[in-house]
Amino acid sequence: MFGTQSQRDLPLEFQSQIPILRPSIHTRRANLTVKFQDLYGFTVEGNVDDVNVLNEVREKVRQQGRVWWSLEANKGANWYLQPSISEGIALKSSLKFSALANAITLKRLIRKGIPPVLRPKVWFSLSGAAKKKSTVPESYYNDLIKATEGKVTPATRQIDHDLPRTFPGHPWLDTPEGHAALRRVLVGYSFRDSDVGYCQGLNYVAALLLLVMKTEEDAFWMLAVLLENVLVNDCYTNNLSGCHVEQRVFKDFLAKKCPRIAMHLEAMEFDVSLVATEWFLCLFSKSLPSETTLRVWDVLFYEGAKVILHVALAIFKMKEEQLLITHHVGDVISILQRTTHHLFDPEELLTVAFDKIGSMTTNNISKQRKKQEPAVMKELDQRFRRLNSLKLDDK
């Protein structure tokens, strides 16, 4: 598997994973577009300024790595798994203080980024994937894959159609081995949860999980915990009702957090779902550079689905002045696509998302979701009735 790690000396391995990018002198002088591979094998295009930003980001990642290694040396390899005060465990006051200090430290550290070599085990532990896996027999995944071999369903047909279109050109994903691994994960999950089955967008999410996690089975469990515990319910079901709810919630928060942008876009009759649907279904994996996407996922797996709203709002906020002078829908889409494709600095994005957007509590977001659900279900029901009516007319 591309990027699979062996049990070598981790600090040394971590350093070797993050090369410095060095464009030629001619390229630097001419400020030409350069192509290079990122840490996860994706080909990236950018100018020299983009390369400089990436090098600065990678130096910060190295510094963060040293902080994580220091904590592991002082507190133990799994210090972040110590009981937290939110788990309802009866702790002595001194232990409560220690747990609170750990939680604050951990939240700050995760927002600064998990070192790539530690990412698989930290994600697997903190997301709940390890706990979910522990509730079933050890052979669960292998048994599931064997049981689904040769079976054909609408989900498997769509998966087979999407495999070659998932990150084409990637040195591992776009190979027979990569396609086979991705197919097993997606088909396996489609049988695990028939309500979800398979939805386009999941192919990109699962593919990126395969690149990060140490094993195919771990990628499967990360996908399971993502869909069953981290994200909003029904985001990937047939009618995408959860995704439609999130779109409405996002529009509400855009009006509150970025009122000038919201008013301008409304005057243009611009529907934010034109860009946000892909962000929400693919969790930015098709929009942001992979290293930035994974920094967003670092926080997502620890803090939950509200992170998607924070980041989506931040992208609009970062380009507020440019968006306010647009006159055409196409211009808005172009600005947002250009922004996301060149967002090589996750620090900038996450600083805006959490420091400049302001607080959005989970409780407040849940209230907004409940408020929007009836309207979404009514709209989907009306759409279903119209489709049935059209079918009857055709007959």
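Helices α12 and α14 sit oblique to each other, since their axes cross at roughly 125 degrees; angles over 115 but not over 145 degrees fall in that class, so neither "perpendicular" nor "antiparallel" applies here. Keep in mind that this is a predicted model.

The α12/α14 crossing is right-handed. On the α12 side, the residues in play are Cys243, Glu246, Gln247 and Phe250. They meet Ser273, Ala276, Thr277, Phe280 and Leu281 of α14. Sorted by character, that contact has five nonpolar residues, three polar ones and one charged one.

Now for the other pair, α9 and α11. Their axes come within 10 Å and cross at roughly 40 degrees, which makes α9 oblique to α11. Here too the crossing is right-handed. From α9, the contact draws on Ala181, Arg184, Val185, Leu186, Gly188, Tyr189 and Arg192. Their partners in α11 are Glu216, Phe220, Trp221, Leu223, Ala224, Leu227 and Glu228. The tally for this contact is nine nonpolar, one polar and four charged.

Here are the two pairs in table form.

| Helix pair | Residue ranges | Axis distance | Crossing angle |
|---|---|---|---|
| α12 and α14 | α12 241-257, α14 273-282 | within 10 Å | roughly 125 degrees |
| α9 and α11 | α9 176-192, α11 216-230 | within 10 Å | roughly 40 degrees |

If you're wondering about the choice of columns, two packed helices are described by the angle between their axes and the distance between the axes.

Conventions
Residues numbered from 1 in each chain as written. Predicted model: local features only at pLDDT ≥ 70, side-chain atom pairs only at ≥ 80, totals over all residues. Heavy atoms only, no water. Axes fitted to C-alpha atoms, helices over the stretch in contact; angles between N-to-C directions. Helix = DSSP H or I, 4+ residues; strand = E, 2+ residues; numbered from the N terminus. Parallel < 35°, antiparallel > 145°, perpendicular 65-115°, else oblique. Left-handed = near helix turned anticlockwise from the far one by under 90°. Contact = heavy atoms within 4.5 Å. Nonpolar A, V, L, I, M, F, W, Y, C, P; charged D, E, K, R; others polar.
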